[in-house]
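Morning, everyone. I have one structure to go through today, and I will take it strand by strand and then turn to the pockets and the odd backbone spots. Please have the sequence and the model open.

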Amino acid sequence: MEATLQVLPYGAWPLGQLQLSTRAWDLSTLSTSLPRTRVSGQAWVGRRDRSSPLEARADLINEAPARWDQQGLPLSRLHLEAKASSLALDTLDIKTFDLTLASGRWSGRGQWSGHTLQLDTRLQEVRPQALDRRAPAMRLSGPLSLQWRRNPSAQAGGGAGSAVWTWKGELEGRLDDASQVVALNTQGEASSQGLEIQRLQAVSGSATADIKLRVRRDKSQRWLAQSEGHLSGFDPSAWYPGPEGTPWRKGPHRLNARWQLDLAAPVATGARALPQWLQSLQGEGRLEIQPSQLAGVDLQGSMRMER
């Protein structure tokens, strides 16, 4: 890697220009936890003159893209353009970013303002299993919006849960080995204090899943969970294939069920055995399994809990 730096010692912003160049750079040489790569390209940060805003550009190519499960990086090209409206860097306009993946593209634009990052993106013919062998074998396209926001007052007071991720996506596509249409409609948020899936609707051919889930931790460090949903002819292996050669991968699966849960449980620890933790559950729940199959085994039944 080579770097060229221009410094403006008497300017309000001392950085004039910074240009980085790399050729066949392997990220794993920095740490064994990083993926193996061969990254070449250039990145530039600077101002065209003293009165112009701070800008950034990057054009990088990974000559050896590989899946995550192969300790690789499933990205072949990155293009990024951004501009800061002021030298205070309190607002950053991400004019465009474009990631060419091992299969498909992920592109969009966004903005950093104060304590919030907003990204409006689109997936184009992304094949998850080309990124990681454990992911579903399908192709997906559609809009995906992401937001990260930080609560500075919570962080200043030492409180947890100072950062929150929210997402909303409406994706459509097809299974690799069939002409079945698949669709994924999801919206939710996550933080260190919990997870809320406000909507998760998955469709694969005539099979459907509709799920809502809310998990949070209260002041006494108990986990509170509420969930409701239903499955109709649902094949979970279409969304999680599982290890090769296992009964899960072979199937067949066809799940028909409804449930409604409102539970509370202490935070699990390594010292607490699973049966003891299950016995500590409190709340109420109802599960109805209509005629179904799981790995070729017939299932049917119901369960009710009140504690």
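Before the strands, one term: I call two strands paired if DSSP finds at least two bridges between them. Keep in mind also that this is a predicted model.

With that in hand, take β11 and β12. These two strands pair in the antiparallel sense, over ten bridges. The link between β11 and β12 is a hairpin with two residues. At that end, Ser191 has Gly194 in β12 as its bridge partner.

Now stay with β12 and look at its other neighbour. Strand β13, residues 207–217, pairs with β12 over nine bridges, again in the antiparallel sense. Here Gly194 turns up once more, standing opposite Arg216 in β13. So what does Gly194 face on each side? Ser191 is its partner in the pairing of β11 with β12, and Arg216 stands opposite it in β13. The hairpin of β12 and β13 has two residues between the strands, and Gly205 there takes a positive phi near 65°.

Let me go back along the chain to another run of strands. Strand β6 covers residues 91–101 and strand β7 covers residues 105–113; the two are antiparallel, with eight bridges between them. One pair to find on your screens is Thr100, which stands opposite Arg105 in β7. Three residues lie between the strands in this hairpin, and Gly104 has a positive phi near 100°.

On the other side, β7 is joined by nine bridges to strand β8, residues 116–126, and these two run antiparallel. Gly108 stands opposite Thr121 in β8. How many residues lie between the strands in the hairpin of β7 and β8? There are two, and Gly114 takes a positive phi near 65° in that hairpin.

Next, the pockets. The largest pocket has a volume of about 380 Å³. Its lining consists of 18 residues, and those nearest its centre are Leu175, Asp177, Asp235, Ser237 and Ala238. By type, the lining of the largest pocket divides into six nonpolar, eight polar and four charged residues.

The second largest pocket comes in at about 300 Å³. Which strands supply at least two residues each to its lining? They are β9 (138–150), β10 (163–175), β11 (181–191) and β12 (194–204). The most comes from β10, with three residues. The residues lining this second pocket include Leu144, Leu146, Trp167, Leu171, Ile197 and Leu200. Gly169, Leu184 and Thr186 are also in that lining. Seven of the lining residues count as nonpolar and two as polar, with no charged residue. For the largest pocket, four of the lining residues were charged.

On to charges elsewhere. The structure holds ten salt bridges. I will show one of them: the side chains of Glu63 and Arg38 meet at 3.5 Å, N to O. That pair links distant parts of the chain, 25 residues apart. Glu63 is in the loop between β4 (54–62) and β5 (75–84), and Arg38 is in the loop between β2 (15–25) and β3 (39–46).

The loop between β4 and β5 also holds Gln71. Gln71 is not a glycine, yet its phi is positive, at about 60°.

There is a second case of that kind. Ala295, in the loop between β16 (282–294) and β17, has a positive phi near 55° without being a glycine.

In that part of the chain there is also a surface feature to point out. Leu294, Val297 and Leu299 make a nonpolar surface patch of about 210 Å². Of these, Val297 lies in strand β17, residues 297–306.

Last, one peptide bond. Where is the cis peptide bond with omega of about 0°? It joins Gly251 and Pro252. Pro252 is in the loop between α3 (247–250) and β15 (255–266).

That is my list. I am happy to go back to any of these spots on the screen.

How values were computed: Residues are numbered from 1 along each chain as its sequence is written. This is a predicted model: local features need pLDDT of at least 70, side-chain atom pairs count only at pLDDT 80 or more; totals for chains, interfaces and linings use all residues. Side-chain values use heavy atoms; hydrogens and water are left out. Patches are made of residues with over 30% relative accessible area and no salt bridge: like charges are joined within 9 Å, nonpolar side chains (Val, Leu, Ile, Met, Phe, Trp, Tyr) within 5 Å. Accessible areas come from the Shrake-Rupley method with a 1.4 Å probe; for residues, only the protein chains shown count as cover. A salt bridge is a side-chain nitrogen of Lys or Arg within 4 Å of a carboxyl oxygen of Asp or Glu. Helices (H or I, at least four residues) and strands (E, at least two) are DSSP runs, numbered from the N terminus. On a 1 Å grid over the protein atoms alone, a cavity is a set of points where a 1.4 Å probe fits but cannot get out, and a pocket is an open set with protein on both sides within 12 Å along at least five of seven lines; lining residues have an atom within 4 Å of a point. Grid points are joined across faces, edges and corners, and a volume is the space filled by probe spheres set on the points. Ala, Val, Leu, Ile, Met, Phe, Trp, Tyr, Cys and Pro count as nonpolar, Asp, Glu, Lys and Arg as charged, and the others, Gly among them, as polar.
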